[in-house]
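Grab your viewer and work through these short exercises. Try each one before peeking at the solution.

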Amino acid sequence: MKTSFHKGCWDETELTHAYTHRFPYTNQFIQREDCIENPPNPAMADGFDYLSVMTRKPYPLGTRITTQCSFTGMAAPLLIFSEDLELCEDGAYRYGNYFEVVLYKHGINVWRLWRAEDGTVTWHKRLGVELPVSEEEIHTLSVTLSEAYMDIELDGMKLSLRAEDLFPSFYLGITGCEGPCRFYG
């Protein structure tokens, strides 16, 4: 599946807006001519929505996801891999057991998040790689998930993370948070 987020090039037949169980907000991305962007949200501590667009169906191990994205300030565009996608009573899709591969101006982080039975979401940082990443430039971020590894590529630089608790299948997505994040494809 290949998706362009240019105006008029995507719809919600294969993808859907989705939200972490961490926050109650269900806003949607702003459609620009050549991309989508997460909007401001004054209720959030950093002033911007944390929201996602995810596949409506799960994909198996061996799948690769790639996005072209840019950001401003301390914003963090990220790729997400969720074990589930739950349709909630309010009509919104939410996820709670997932991995994030986060791009920001100081490098790449990988987080593992879990949703407890009481509904709270906790997290653990699995990887932090410091490197300069330019704001306002379009970057290509890719991740391939294999049986026990996340192979991550940023603008041609490659690294691997051992992750023995990857799901056998997962919903794929992009997420914008902590500032303006733009996704082009």
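**Exercise 1.** Find where Asn-97 sits in this predicted model, and decide whether Asn-97 is buried or exposed.

*Solution.* Start with the chain: Asn-97 lies in the loop between strand E9 (93-95) and strand E10 (98-104). Next, check the accessibility: Asn-97 has a relative accessible area of 15%. The cut-off for buried is under 20%, so Asn-97 counts as buried.

**Exercise 2.** Work out which side chains make polar contacts with the side chain of Asn-97.

*Solution.* One partner is the side chain of Glu-83, at 2.3 Å. Another is the side chain of Arg-112, at 2.6 Å. Now widen the search to contacts, skipping residues up to four places away in sequence: Asn-97 touches Phe-81, Ser-82, Glu-83, Asp-84, Arg-112, Leu-113, Trp-114 and Phe-167.

**Exercise 3.** Do the job again for Glu-147: buried or exposed?

*Solution.* Glu-147 is in the loop between strand E13 (139-145) and strand E14 (149-154). Its relative accessibility is 69%. Exposed means over 50%, so Glu-147 is exposed. Leaving out residues up to four places away in sequence, Glu-147 touches Leu-61, Ala-163 and Leu-166.

**Exercise 4.** Trace the strand order of the open sheet of 7 strands and pick out its edges.

*Solution.* Going across, you get E2-E3-E17-E6-E13-E14-E15, with antiparallel pairing. The edges are strand E2 (30-31) and strand E15 (157-162), each pairing on one side only. For a closer look, take E3 (residues 36-37) and E17 (residues 181-183), which are antiparallel over 2 bridges. There, Ile-36 has Phe-183 in E17 as its bridge partner.

How values were computed. Residues numbered from 1 in each chain as written. Predicted model: local features only at pLDDT ≥ 70, side-chain atom pairs only at ≥ 80, totals over all residues. Heavy atoms only, no water. Pairing = 2+ DSSP bridges. Helix = DSSP H or I, 4+ residues; strand = E, 2+ residues; numbered from the N terminus. Buried < 20%, exposed > 50% of the residue type's maximum accessible area, 1.4 Å probe, protein only. Polar contact = N/O pair within 3.5 Å; in protein donor to acceptor, adjacent residues only side chain to side chain. Contact = heavy atoms within 4.5 Å.
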